Amino acid sequence: MTEGDDKQRLAQLEAKLEAAKKAQEPEPPAETHFTLANQAWRMVTELVAGLVIGFGIGFGLDSLLGTTPIFMILFIVLGLVAGVKVMLKSANEIQAHAVEAGEAQRSDAMGNAGHDNKRD
């Protein structure tokens, strides 16, 4: 065999390997890309929902029991705490997705750089 045949076979093998890698890569979910505005609105909505639900429960209890607005104040505070807790959970999810995306981009860049060096 000549050196030209070896290079051609090597190029074909690299093409087959690349095709096999692409076939096994999972497709990214369609709904994973969120803009910063979408993420901010989601967090604000979660906070406001906690406050509104707390207000509703507290006001309802105060109306039923005929008490001063002690339950309304108590449940507004509890709603605020719940809203902040849900916001922090959402922020952690967003951060985890950002870290995963960054690692994937970094590994792709490292893989492509290493692949280019091997051809020389």
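This is a short walk through a predicted model, from the whole chain down to a pair of rings.

**Start with the cartoon.** Show the whole protein and colour it by secondary structure. You'll find three helices and zero strands. Trace the chain from its start and the pattern reads α-α-α.

**Switch on the surface.** The accessible surface of the protein adds up to about 10000 Å². Colour it by element: carbon and sulfur atoms account for 65% of that area. Now colour by relative accessible area instead. How many of the 120 residues count as buried? Just 9% of them do.

**Look at the contacts.** Take the contacts between residues at least 6 apart in sequence; 53% of these join residues at least 24 apart.

**Zoom in on helix α2.** Select residues 36-65, which make up helix α2. Within that helix, pick out phenylalanine 55 and phenylalanine 59 and show their side chains. These two sit four residues apart, so about one helical turn separates them.

**Turn to the rings.** The count of aromatic pairs in this model comes to one, and you're looking at it: phenylalanine 55 with phenylalanine 59. Is the pair stacked or edge-to-face? Put a distance between the ring centres and you should get 5.8 Å, with the planes at 20°. Planes under 30 degrees apart count as stacked, so this pair is stacked.

**Bring the surface back.** Keep both rings selected. Are they buried or partly exposed? Phenylalanine 55 is partly exposed, at 39% relative accessible area. Phenylalanine 59 is partly exposed too, with a value of 46%.

Terms used
Residues are numbered from 1 along each chain as its sequence is written. This is a predicted model: local features need pLDDT of at least 70, side-chain atom pairs count only at pLDDT 80 or more; totals for chains, interfaces and linings use all residues. Side-chain values use heavy atoms; hydrogens and water are left out. Buried means under 20% relative accessible area, exposed over 50%, partly exposed in between (1.4 Å probe, protein chains only). Contact means heavy atoms within 4.5 Å. Accessible areas come from the Shrake-Rupley method with a 1.4 Å probe; for residues, only the protein chains shown count as cover. Rings of Phe, Tyr and Trp (its six-membered ring) pair if their centres lie within 6.5 Å; planes under 30 degrees apart count as stacked, over 60 as edge-to-face and the rest as tilted.
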